[in-house]
Amino acid sequence: MRRLLPHPYMSASLFLMWMLMNESVSPGPALLGLAFALLGGWALAMLQPLPLRIRRWGTALRLAGVVAVDIARSNLGVALVILHPRADRRQGFIRIPLALRNDTALATLACILTATPGTAWVEFDRESGVLLLHVLDLIDEESWVRIVKGRYEQPLMEIFQ
Amino acid sequence: MSIALLSWSLLAAQVMLGLAFLCAFYRVLKGPRAQDRVLGLDTLYVNGMLLLLTFGIRSGTILYFEAALVIALLGFVSTTALSKFLMRGEVIE
Amino acid sequence: MSHAADLPLWAAIPVALLLLAGAGLTLTGSIGLVRLKTFYERLHAPTLGTSYGAAFILLGSMVFFSVLQSRLTVHELLIGILLIITMPVTLMLLGGAALHRDRLEGNDPAVPPEDKAAEPQADHET
């Protein structure tokens, strides 16, 4: 099984994408999709990526929900900032020391923070583990650190480590 | 009734997306720095892609969808390449 | 628009609303690209269009074609997945490149970590 499907997530998502592109469940495209999924898994195995293990699916799904709601909220927030600029709005960089070390978890955190309007991941120092984050509407640094660490980092640690 | 509603809202959406397109184009022209232009170009790609999707709804074919997919892919690749160039191109001292 | 003649009203209303909401959000983001003052602020603006702006328009297109062809049309999800994966990567790279360039020129926009609380860092760039 491990040799046939070295990267089950990759193969599954390739198969799903193929089916989405064809938009049919007839056997022909499904068979081709299966072939592509297997080939994709093998090709990825040749590149020797880091192994990906998702330990808690429940936490992952809950995190996805939280992120969707947060992105919606900050969409409104940033739209307000753009359409009604306030004079006392402060933008700036904050540094957040992260305890995450898992590469996949870090990449996920980076995607979450950058996809959310209002925060942008600018730099991460791998040695000290300090993240440089740019915030559009910087009200209180402490609360931003708390949000990133409690809302995102904690669940990501549970999921990947 | 539904045709009138749909065609007017489509027109409004297309005008808005066209304006968004112009805003991004302004940033490409104005700069002031290279990274601003690349950011404007990236936004231009996304706005153009969304505009194509609305054209697809107006004409009722999925041809526009495929064009949008290609634009989304190429936009990512070109912006990534340009960012890499911005990062490395000036390091030569 | 004659192909949409047999689109029922209950489908036309959500499609119209989704299109308007998506286009409005995208336009807001692009206005931000013009209006915001510094590059790092402008870095936040396109995410409006690529997150929920695109999601609404894609959803509208999905509803429209699904009802019109009376079969589930979900290939728009592909563009959505593509955007979700690629947009953060490009913005991160661009932000990193901008920081790198600013540092090369000797004006680091990020104040050193020790005394960042001591001095306000609101306006460093024109």
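How many residues does the contact take from chain B, and how many from chain C? In this model, which I should say at the outset is a predicted one, the contact takes 57 residues from chain B and 55 residues from chain C. Between them, chain B and chain C bury about 4,900 Å², and carbon and sulfur atoms account for 77% of that area. If we look at chain B's part of it, B:Leu6, B:Leu39 and B:Ile57 supply 13% of the area that chain B buries against chain C, which is more than any other three residues give.

Let me turn to the polar side of this interface. Three salt bridges are counted between chain B and chain C, and in one that I can point to, C:Asp102 pairs with B:Arg33, with the closest N and O atoms 2.8 Å apart. Eight residue pairs are in polar contact between chain B and chain C, both residues of each pair being at pLDDT 80 or more. On the side of chain B that touches chain C, the elements giving two or more residues are helix 1 (2-30), helix 2 and helix 3 of chain B, and helix 2 of chain B gives the most, with 18 residues. By class, that side of chain B divides into 33 nonpolar, 16 polar and eight charged residues.

Staying with chain B, helix 2 (residues 34-59) and helix 3 (residues 63-88) of chain B pack against each other at an angle of about 175°, and their axes are 9 Å apart. Because angles over 145 degrees count as roughly antiparallel, helix 2 of chain B is roughly antiparallel to helix 3 of chain B. Among the residues that make this contact are B:Leu41, B:Tyr45 and B:Met49 of helix 2 of chain B, together with B:Ala68, B:Ile71 and B:Gly75 of helix 3 of chain B. The residues of this contact comprise 16 nonpolar, six polar and one charged.

Chain C contains a helix pair that can be described in the same terms. The axes of helix 3 (residues 46-68) and helix 4 (residues 76-104) of chain C come within 9 Å and cross at roughly 175°, which makes helix 3 of chain C roughly antiparallel to helix 4 of chain C. The residues in this contact include C:Ala54, C:Leu58 and C:Phe65 of helix 3 of chain C, and C:Gly80, C:Leu83 and C:Met87 of helix 4 of chain C. They divide into nine nonpolar, four polar and one charged.

That leaves chain A against chain C. Here 34 residues of chain A are in contact with 40 residues of chain C, and the area buried between chain A and chain C is about 3,300 Å², with carbon and sulfur atoms giving 66% of it. Of the area that chain A buries against chain C, A:Glu23, A:Ile82 and A:Phe93 supply 21%, more than any other three residues.

Two salt bridges are counted between chain A and chain C, and in one of them C:Glu41 is paired with A:Arg89, the closest N and O atoms being 2.5 Å apart. Ten residue pairs are in polar contact across the interface of chain A and chain C, again with both residues at pLDDT 80 or more. Which elements give two or more residues to the side of chain A that touches chain C? They are helix 1 (8-22), helix 3 (57-83), strand 1 (92-97), helix 4 (103-115), strand 2 (119-125) and strand 3 (130-135) of chain A. The largest share, eight residues, comes from helix 3 of chain A, and by class this side of chain A has 22 nonpolar, seven polar and five charged residues.

Conventions
Residues are numbered from 1 along each chain as its sequence is written. Chains are lettered from A and ligands numbered from 1 in the order in which they are written. This is a predicted model: local features need pLDDT of at least 70, side-chain atom pairs count only at pLDDT 80 or more; totals for chains, interfaces and linings use all residues. Side-chain values use heavy atoms; hydrogens and water are left out. Contact means heavy atoms within 4.5 Å. Buried area is the accessible area (1.4 Å probe) that two parts lose on being put together, summed over both. A salt bridge is a side-chain nitrogen of Lys or Arg within 4 Å of a carboxyl oxygen of Asp or Glu. A polar contact is a pair of N or O atoms within 3.5 Å; within protein, one must be able to donate a hydrogen and the other to accept it, and residues adjacent in sequence count only if both atoms are side-chain atoms. Helices (H or I, at least four residues) and strands (E, at least two) are DSSP runs, numbered from the N terminus. Ala, Val, Leu, Ile, Met, Phe, Trp, Tyr, Cys and Pro count as nonpolar, Asp, Glu, Lys and Arg as charged, and the others, Gly among them, as polar. Axes are lines fitted to C-alpha atoms, for helices over the stretch in contact, and angles run from 0 to 180 degrees between N-to-C directions. Angles under 35 degrees count as roughly parallel, over 145 as roughly antiparallel, 65 to 115 as roughly perpendicular and the rest as oblique.
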